[in-house]
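Here is a short briefing on one protein chain. Keep the sequence and the coordinates open while reading.

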Amino acid sequence: MAYTRAEINKKIRYYENLIQQYQNSINKLNTQIGELTSLKSKMQSYQRDFSNRETNRKNKVVNGFCSKFNFKFISSYISGMKNLIAGSDYRRAYNSISSGISRVEKQISQLRSDVTNYNNKIKSCKNNITYWRNRLKYAKK
């Protein structure tokens, strides 16, 4: 089937508009990736701070025991050590932060995959535009 120049130009504009839509989607995805990357970084920082505070807390208990050896302190120390040994609250909180970081990483990965898919669609549209521009040479007026 022979196409007119107007029909071919319409097809070219269609693909150019698709490319623009895909570019807009990529820009939005890249913005989201940036925001999620920032969030991930903050979460990792909070997790490090949380871990450091827990380490400092443990060190204070141990150092306090060594420097203040008395019976009143020993009962407090034993009680505190029971909480530390159980440490389930700390582990739950730390693991929850890790889980949140993992979810953010998965979302970033998915968004990057979406960007790759849009880039492939753009490449396909550009190939179609090239094809239709070549067909312009043989189009009816």
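The points below go from overall make-up to individual residues.

This is a predicted model. The protein chain has 3 helices and 0 strands. Its pattern along the sequence is α-α-α.

**Overall make-up**

- The protein chain holds 141 residues, and buried residues make up 22% of them.
- About 10,500 Å² of the protein chain is exposed, and carbon and sulfur atoms supply 50% of that area.
- Take the contacts between residues at least 6 apart in sequence: 90% of them join residues at least 24 apart.

**Nonpolar core**

- The largest nonpolar core counts 22 residues.
- Ile8, Ile12, Tyr15 and Cys125 touch the most other members of this core.
- Helix 1 and helix 3 each supply at least two residues of the core.
- Helix 1 gives the largest share, with 11 residues.
- Ile8 is in contact with Tyr3, Trp132, Arg135, Leu136 and Ala139, leaving aside neighbours within four places in sequence.

**Aromatic pairs**

- A pair of aromatic rings is described by two values, the distance of the centres and the angle of the planes.
- The structure has a count of 4 aromatic pairs.
- One of them joins Tyr3 and Trp132, with ring centres 5.1 Å apart and planes at 90 degrees, and this pair is edge-to-face.
- Tyr3 sits in the segment before helix 1 and Trp132 in helix 3, so this pair ties together parts 129 residues apart in sequence.
- Trp132 also pairs with Tyr131: the centres are 5.0 Å apart and the planes stand at 80 degrees, so this pair is edge-to-face.
- The cut-off for edge-to-face is an angle over 60 degrees.
- Tyr3, Tyr131 and Trp132 form one aromatic cluster.
- Are Trp132 and Tyr131 buried or partly exposed? Trp132 is buried, with a relative accessible area of 9%. Tyr131 is partly exposed, with a relative accessible area of 40%.
- Trp132 also appears in the contact list of Ile8.

**Salt bridges**

- Side chains of opposite charge can pair when their charged atoms come close.
- How many salt bridges does a search of the whole structure find? The search finds 2.
- One is between Arg133 and Glu16, with an N to O distance of 2.9 Å.
- This pair links distant parts of the chain: Arg133 is in helix 3, Glu16 is in helix 1 (residues 5-67), and the two are 117 residues apart.
- Arg133 has 45% relative accessibility and counts as partly exposed.
- Glu16 is partly exposed as well, with a relative accessible area of 33%.
- Glu105 forms a salt bridge with Lys40, and the closest N and O atoms are 3.3 Å apart.
- Glu105 belongs to helix 3 and Lys40 to helix 1, so the pair links distant parts of the chain, 65 residues apart.- At 35% relative accessibility, Glu105 counts as partly exposed.
- Lys40 counts as partly exposed at 21% relative accessibility. The cut-off for buried is under 20%, so Lys40 falls outside that class.

**Ile101 and its contacts**

- Ile101 is placed in helix 3 (residues 88-136).
- Is Ile101 buried or exposed? Ile101 counts as buried, at 6% relative accessibility.
- Leaving aside neighbours within four places in sequence, Ile101 is in contact with Lys40, Met43, Gln44 and Gln47.
- Lys40, in that list, is also the salt-bridge partner of Glu105.
- The C-alpha atoms of Ile101 and Lys42 are separated by 9.6 Å. Along the chain, these two residues are 59 residues apart.

**Gln47 and its contacts**

- Gln47 is found in helix 1.
- Gln47 is buried, and its relative accessible area is 10%.
- Which residues does Gln47 touch, not counting residues up to four places away in sequence? Gln47 touches Tyr94, Ile97, Ser98 and Ile101.

Key. Residues are numbered from 1 along each chain as its sequence is written. This is a predicted model: local features need pLDDT of at least 70, side-chain atom pairs count only at pLDDT 80 or more; totals for chains, interfaces and linings use all residues. Side-chain values use heavy atoms; hydrogens and water are left out. Helices (H or I, at least four residues) and strands (E, at least two) are DSSP runs, numbered from the N terminus. Buried means under 20% relative accessible area, exposed over 50%, partly exposed in between (1.4 Å probe, protein chains only). Contact means heavy atoms within 4.5 Å. A salt bridge is a side-chain nitrogen of Lys or Arg within 4 Å of a carboxyl oxygen of Asp or Glu. Rings of Phe, Tyr and Trp (its six-membered ring) pair if their centres lie within 6.5 Å; planes under 30 degrees apart count as stacked, over 60 as edge-to-face and the rest as tilted. A nonpolar core is a set of buried Ala, Val, Leu, Ile, Met, Phe, Trp, Tyr and Cys residues joined through side-chain atoms within 4.5 Å. Accessible areas come from the Shrake-Rupley method with a 1.4 Å probe; for residues, only the protein chains shown count as cover.
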